[in-house]
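Work through the exercises below with the sequence and the model in view. Each task is followed by its solution in steps.

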Amino acid sequence: QVQLVESGGGLVQAGGSLRLSCAASGTIFSINAMGWYRQAPGKQRELVTRIITGRGTDYGDSVKGRFTISRDNAKNTVYLQMNSLKPEDTAVYYCNIEGTISRGRLFDSWGQGTQVTVSS
């Protein structure tokens, strides 16, 4: 079983920055994708950004130019640097990692979620 532990959320003023981290533990053979999603009250979960191994990165339109995803393969960790935060970025942020625990055995794990609140 691959478990993800998130950290780094909190309260910040508009225009500020936060950095989220998501570390995976357990037996991992390979990682196919690492990403961040968010869910605001009363809204559906949406993609913030993701890295697909060998293909590159995708960003949601609302965060392009402000958020940056990065990964540390040695630590099986994915980061989300959020700059120029806006009140509409307020949400619970979830990390997601997809991969294999052995050849042919897939996993799709989610973090517990971390609250990001941006005050105006």
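**Exercise 1.** Find the handedness of the disulfide between Cys22 and Cys95.

Solution. The torsion about the S-S bond of Cys22 and Cys95 is about 55 degrees, so this disulfide is right-handed. The S to S distance is 2.0 Å, and a disulfide is a pair of cysteine sulfur atoms within 2.5 Å. Next, place the two ends: Cys22 is in strand S3 (residues 18-25) and Cys95 in strand S9, 73 residues apart. Strands are DSSP runs (E, at least two residues), numbered from the N terminus. Finally, Cys22 and Cys95 are both buried, meaning under 20% relative accessible area with a 1.4 Å probe, protein chains only.

The model is predicted: local features need pLDDT of at least 70, side-chain atom pairs count only at pLDDT 80 or more, and totals for chains, interfaces and linings use all residues. Residues are numbered from 1 along each chain as its sequence is written, and side-chain values use heavy atoms, with hydrogens and water left out.

**Exercise 2.** Which arginine lies over the face of Tyr79, and which over the face of Tyr94?

Solution. The rule asks for CZ of Arg or NZ of Lys within 6 Å of the ring centre and within 35 degrees of the ring normal. For Tyr79 the answer is Arg19, at 4.1 Å from the ring centre. For Tyr94 the answer is Arg45, at 3.8 Å from the ring centre.

Definitions and conventions: Helix = DSSP H or I, 4+ residues; strand = E, 2+ residues; numbered from the N terminus. Buried < 20%, exposed > 50% of the residue type's maximum accessible area, 1.4 Å probe, protein only.
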